[in-house]
Amino acid sequence: HTDTSMYTHTQNPMSNFWNTTSTSIIFLLTGVPGLEVFHIWISIPFCFLYITALSGNSLILFAIVTQPSLHKPMYYFLSMLSTTDLGLSISTLVTMMGIFWFDARQISFNACLSQMFFIKLFTVMESSVLLAMAFDRFVAISNPLRYATILTDSRIAQIGVAIVIRGTLMLTPMVALLKRLSFCHNHVIHHSYCFHPDVMKLSCTDTRINNAVGLTAMISTVGVDSIFILLSYILIIKTVLSIASPEERKKAFSTCISHIGAVVIFYFPLISLSFVHRFGKRAPAYVHTMIANTYLLIPPVMNPIIYSVKTKQIRRAVIKMIYSKDT
């Protein structure tokens, strides 16, 4: 039905424009190409990953909110990280499990844009939170006496609001510009969620402006954040090395271990996916899909585990909560 309506409007450019922005466009999402008969089995590990991500981040968030001992800047930033991880998981959960369980592949144009916006927004917000956490560690190590006066509750709240506003302002033009595109023939998206480059590839309109805006948005957010995180750690290492006592040095650096882990598991899958898209063109289609499906799930799954294992206070708070429920 959609293809027919598109064909009848191709004669009139304005009519075609309005048709592309209406709900008449239906995209078809893709599960794992070539392995459709195994979708139910493939859904089991993904279901486990979603449960781990949702329960782990909810538990950390609940621990920070309810335990007064965790009402400190470091844990406020960790609560922001858990919130973005929950958002990232929920953004892909419905479409991914819908495909695996019910073969529900159809998604409307507007629903696709909404999902794309939230996936990008939570990715950019996660990058921004990791930068804020790097700043937190830098202040704690280089200026411990002024730590509480620099990172006050109101300042942390301002940072949180700035992170949301920055992501929204940077990404709204990127998603809004997709409304001007026409989609004439192929409507199949090669992921189980709406991926910005994938949607642009389906357009039969010139997408150079979209490419430029998309690239600018990602460089000025995730790209800039990664440079500042690196600079923060150069300054942290410099400060740690100037500490005379080896014991103090070890203690100072151990407070950064969890954050370094979170940075690695956020940027490594992101870079891996870029490399696979660029250099892995000969790889089977299911390899691309599996990497794309897991890359958004790795940080939400791993962050709660890293912080629970490496941060004594979080571990104690979580155990205390579980123990109090049992009793």
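The exercises below concern a predicted model, and each is followed by a worked solution.

**Exercise 1. Confidence**

State which element of the chain has the lowest mean pLDDT and which the highest, and say how residues 1-23 should be treated.

Solution.
1. The chain has an average pLDDT of 87, and 91% of the residues score at least 70.
2. Among the elements, the lowest mean, 40, belongs to helix 1 (residues 2-9). The highest, 96, belongs to helix 7 (residues 153-176).
3. Over residues 1-23, pLDDT stays under 50. The model nevertheless has 33 contacts beyond four places in sequence for this stretch.
4. Predicted coordinates should not be read in detail where pLDDT is low.

**Exercise 2. Ser79**

Locate Ser79, decide whether Ser79 is buried or exposed, and name its contacts beyond four places in sequence.

Solution.
1. Ser79 belongs to helix 4, which spans residues 73-102.
2. Its relative accessible area is 14%. The cut-off for buried is under 20%, so Ser79 is classed as buried.
3. With neighbours within four places in sequence set aside, Ser79 is in contact with Leu61 and Ile64.

**Exercise 3. Asp103**

Find what is notable about the phi of Asp103, then place the residue and classify its exposure.

Solution.
1. The phi of Asp103 is positive, about 55°, although the residue is not a glycine.
2. Asp103 sits in the loop that runs between helix 4 and strand 2 (106-108).
3. Its relative accessibility is 52%. Exposed means over 50%, so Asp103 counts as exposed.

**Exercise 4. Phenylalanines 117, 118 and 122**

Describe the geometry of the pairs that Phe118 forms with Phe117 and with Phe122, and classify the exposure of each residue.

Solution.
1. The structure has nine aromatic pairs. One of them joins Phe117 and Phe118, with ring centres 5.4 Å apart and planes at 75°. Planes over 60 degrees apart count as edge-to-face, so this pair is edge-to-face.
2. Phe118 also pairs with Phe122, at 6.2 Å centre to centre and 25° between the planes. An angle under 30 degrees counts as stacked, so the pair of Phe118 and Phe122 is stacked.
3. Phe118 and Phe122 are four residues apart in helix 5, about one turn of the helix.
4. Phe117 is buried at 17% relative accessibility, and Phe122 is buried at 16%. Phe118 is partly exposed, with a relative accessible area of 40%.
5. Elsewhere, Phe27, Phe109 and Phe183 make up one aromatic cluster.

**Exercise 5. Cavities**

Determine how many cavities of 30 Å³ or more the structure holds, and set out the volume and lining of each.

Solution.
1. There are two cavities of 30 Å³ or more.
2. The largest has a volume of about 50 Å³. Its lining consists of Met74, Met133, Asp136, Arg137, Thr255, His259 and Tyr307.
3. Helix 5 (residues 109-142) contributes the most to the lining of the largest cavity, with three residues.
4. Sorted by class, the lining of the largest cavity has three nonpolar, two polar and two charged residues.
5. The second largest cavity holds about 40 Å³. Leu88, Thr123, Phe266, Tyr295, Leu296 and Pro299 line the second largest cavity.
6. Five of these lining residues are nonpolar and one is polar, while no charged residues are present.

Conventions: Residues numbered from 1 in each chain as written. Predicted model: local features only at pLDDT ≥ 70, side-chain atom pairs only at ≥ 80, totals over all residues. Heavy atoms only, no water. Helix = DSSP H or I, 4+ residues; strand = E, 2+ residues; numbered from the N terminus. Buried < 20%, exposed > 50% of the residue type's maximum accessible area, 1.4 Å probe, protein only. Contact = heavy atoms within 4.5 Å. 1 Å grid on protein atoms, 1.4 Å probe; cavity = no way out; pocket = protein on both sides within 12 Å on 5 of 7 lines; lining within 4 Å. Points joined across faces, edges and corners; volume = space filled by probe spheres on them. Nonpolar A, V, L, I, M, F, W, Y, C, P; charged D, E, K, R; others polar. Phe/Tyr/Trp six-rings, centres within 6.5 Å; stacked < 30°, edge-to-face > 60°. pLDDT = per-residue confidence, 0-100.
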